[in-house]
Structures are given as C-alpha cells and as structure tokens.
Amino acid sequence: MRLDDDTRLRISRARAVLEGEDDAASIADVARRAGISPYHFIRVFEAAFGVTPHRYRTGARLERARRLLAGGASVTRVCMELGFSSVGSFSAMFARHLGESPSRYQRRVRAGAFRNFREA
C-alpha cells in the first residue's frame, strides 16, 4: 500500500499516541484524531508498521512493564500503573508475549544486575 506524506505523518503521530502513557483512548479514538476511519486506519497502520495498532499498543505497554519491573516496581504496582483490570490478566498477557511470568522476569533481571554489580 502506497502512503502519501500526509497520511504517513498522521499515522506516525497516531503511533506516538499508542506508545504514550494514556491507554484510555480506543483505537477508534486514535483513528479519529488522525482523521482516518477506524477500519482504514487499522489497514494503513499495519501496512506502515507491520503490526496492527492493537498489537503495537500491547507491545508498548509490555515494554513499559519490563522497564518498571527491572527497576524494582512490584507486579501489582506495574499492573495498576499500566491500567490492567487485574494482576491475573496482566500476568497472563506478560507470560503469553514474553514467555515468563512478570515475577520470574523481575527475579531473572535483578539477579543478572546483581551478578554484574558484584563482578565490577
């Protein structure tokens, strides 16, 4: 799909919204802000970035979760900060996408950081 410069700029701005801390805006809201119908927005976004807007937002949320967990935030705090409805749903999504539970990821990352600190 060939995108003109204006469309490319609008979906790039929409991508920044999807990366942002505010997950309250629906995909339809983001599409409307970009001035594109929701269904066309999904097609154009996927053509430009290789993933759907929903998958992109999920990846951005999980990346924020990884940073917070690595920084020592509790799983519950990360869950609430990222707007998940429950620790169970957050943990299931994290494990499904990253292959391990949030607490196991946190232990592994922190153990590696401690090991690197001791070796320095």
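A salt bridge is a side-chain nitrogen of Lys or Arg within 4 Å of a carboxyl oxygen of Asp or Glu. The exercises below concern a predicted model, and a search of the whole structure finds 6 salt bridges.

**Exercise 1. Salt bridges within helices**

Determine how far apart in sequence Asp6 and Arg10 lie, and decide whether Asp6 is buried, partly exposed or exposed.

*Solution.*
Step 1. The side chains of Asp6 and Arg10 meet in a salt bridge, with an N to O distance of 3.1 Å.
Step 2. Both residues belong to helix H1 and lie 4 residues apart, about one turn of the helix.
Step 3. Asp6 has a relative accessible area of 44%, so Asp6 is partly exposed. Arg10, at 23% relative accessibility, also counts as partly exposed.

**Exercise 2. Two further pairs**

Apply the same steps to Arg32 with Asp29 and to Arg77 with Glu81.

*Solution.*
Step 1. A salt bridge joins the side chains of Arg32 and Asp29 at 3.2 Å, N to O. In the pair of Arg77 and Glu81, the closest N and O atoms are 3.3 Å apart.
Step 2. Arg32 and Asp29 are separated by about one helical turn because they are 3 residues apart in helix H2. Arg77 and Glu81 are 4 residues apart in helix H5 (residues 75-81), which means about one helical turn between them.
Step 3. Exposed means over 50% relative accessible area; Arg32, at 54%, therefore counts as exposed. Asp29 is partly exposed at 30%. Arg77 is partly exposed at 45%, and Glu81 is partly exposed at 43%.

**Exercise 3. A glutamate in a loop**

State where Glu100 is found and whether Glu100 counts as buried or exposed.

*Solution.*
Step 1. Glu100 is located in the loop between helix H6 (87-98) and helix H7 (102-119).
Step 2. Buried means under 20% relative accessible area; Glu100 has 14% and therefore counts as buried.
Step 3. The side chain of Glu100 makes a polar contact of 2.6 Å with the side chain of Arg108. When neighbours within four places in sequence are left aside, Glu100 is in contact with Phe94, Ala95, Tyr105 and Arg108.

**Exercise 4. The nonpolar cores**

Identify which helix supplies the largest share of the largest nonpolar core.

*Solution.*
Step 1. The largest nonpolar core has 14 residues, and Ile11, Ala14 and Phe41 are among those with the most contacts inside it.
Step 2. Helices H1 (5-19), H2 (27-34) and H3 (38-49) each supply at least two residues of this core.
Step 3. The largest share, 4 residues, comes from H2.
Step 4. A second, separate core has 13 residues, including Leu62 and Phe94.

How values were computed:
Residues numbered from 1 in each chain as written. Predicted model: local features only at pLDDT ≥ 70, side-chain atom pairs only at ≥ 80, totals over all residues. Heavy atoms only, no water. Core = buried A, V, L, I, M, F, W, Y, C linked by side-chain atoms within 4.5 Å. Buried < 20%, exposed > 50% of the residue type's maximum accessible area, 1.4 Å probe, protein only. Polar contact = N/O pair within 3.5 Å; in protein donor to acceptor, adjacent residues only side chain to side chain. Contact = heavy atoms within 4.5 Å.
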